[in-house]
Amino acid sequence: MRPGWDEYFMQIATTVSTRATCPRASVGCVLVRAHRILTTGYNGAPRGVSHCTDVGCTIDNDHCLRATHAEANAIVQAARAGVRIEGAGIYVTASPCWGCFRLIANAGITRIAFGEFYRDSRTLEVSAKLGIELVDLSAASAAPAV
């Protein structure tokens, strides 16, 4: 059966997450506009820095400081390539943390589709104020296949 757009892009985000190099969370994301992929990102160390999978995580306050989050990496890839992302949507395997949510909002991304909720409920309240659509796809992925 042919998947809908949300399922299709979330499947791609899940595949992108397999490139993650921080064992604490394998997160992937895809930036999309008009059903076209703009960029992708996964969580991992900055260019030239050893990966968590090679040297371990640097933990502070229960967060890995070595890894850059998937959403930030996708936004940076767009900036490096000169790709306009204002008005785009983002598919991410876990809902954005507060820091990534702020980057997404400031980048002008208008829709966030996520596969599981990740600990920070501030995004729920603030997204409504900013007019950013949040789409929880976790229920859709939990539905049995027909």
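The legends below describe close-up views of a predicted model.

**View 1. A salt bridge joins helix α1 to strand β6**. D6 and R111 form a salt bridge in which the closest N and O atoms are 3.1 Å apart. The two partners belong to distant parts of the chain: D6 lies in helix α1 (residues 5–17) and R111 in strand β6 (residues 111–114), with their positions 105 residues apart in the numbering. With a relative accessible area of 22%, D6 is partly exposed. A further residue, E133, is linked with D6 and R111 in a network of salt bridges. In total, the structure holds five salt bridges.

**View 2. A salt bridge between two loops involves D62 and R24**. The closest N and O atoms of D62 and R24 are 3.2 Å apart. D62 sits in the loop between β3 (59–60) and β4 (63–64), whereas R24 sits in the loop between α1 and β1 (28–33); the two residues are 38 residues apart. D62 is partly exposed, at a relative accessible area of 45%, and R24 is likewise partly exposed, at 42%.

**View 3. R84 and E86 form a salt bridge**. In this pair the closest N and O atoms are 4.0 Å apart. R84 counts as exposed because its relative accessibility of 55% is over the 50% cut-off. E86, with a relative accessible area of 47%, is partly exposed.

**View 4. Helix α4 contributes buried residues to its packing against other elements**. The helix spans residues 98–107, and W98, C100, F101, I104 and A107 are buried within it. An α-helix has 3.6 residues a turn, so residues three or four places apart point the same way. The buried residues of α4 pack against two helices, α3 (70–81) and α5 (122–130), and against the strands β5 (89–92) and β6. Just after α4, G108 adopts a positive phi of about 85 degrees.

**View 5. F9 and Y91 form a tilted aromatic pair**. A pair of aromatic rings is described by the distance of the centres and the angle of the planes. For F9 and Y91, the ring centres are 5.3 Å apart and the planes stand at 40 degrees, so the pair is tilted. F9 lies in helix α1 and Y91 in strand β5, so the pair ties together parts that are 82 residues apart in sequence. Both F9 and Y91 are buried. Together with W5 and Y8, these two residues form one aromatic cluster. The structure has six aromatic pairs.

Conventions: Residues are numbered from 1 along each chain as its sequence is written. This is a predicted model: local features need pLDDT of at least 70, side-chain atom pairs count only at pLDDT 80 or more; totals for chains, interfaces and linings use all residues. Side-chain values use heavy atoms; hydrogens and water are left out. A salt bridge is a side-chain nitrogen of Lys or Arg within 4 Å of a carboxyl oxygen of Asp or Glu. Helices (H or I, at least four residues) and strands (E, at least two) are DSSP runs, numbered from the N terminus. Buried means under 20% relative accessible area, exposed over 50%, partly exposed in between (1.4 Å probe, protein chains only). Contact means heavy atoms within 4.5 Å. Rings of Phe, Tyr and Trp (its six-membered ring) pair if their centres lie within 6.5 Å; planes under 30 degrees apart count as stacked, over 60 as edge-to-face and the rest as tilted.
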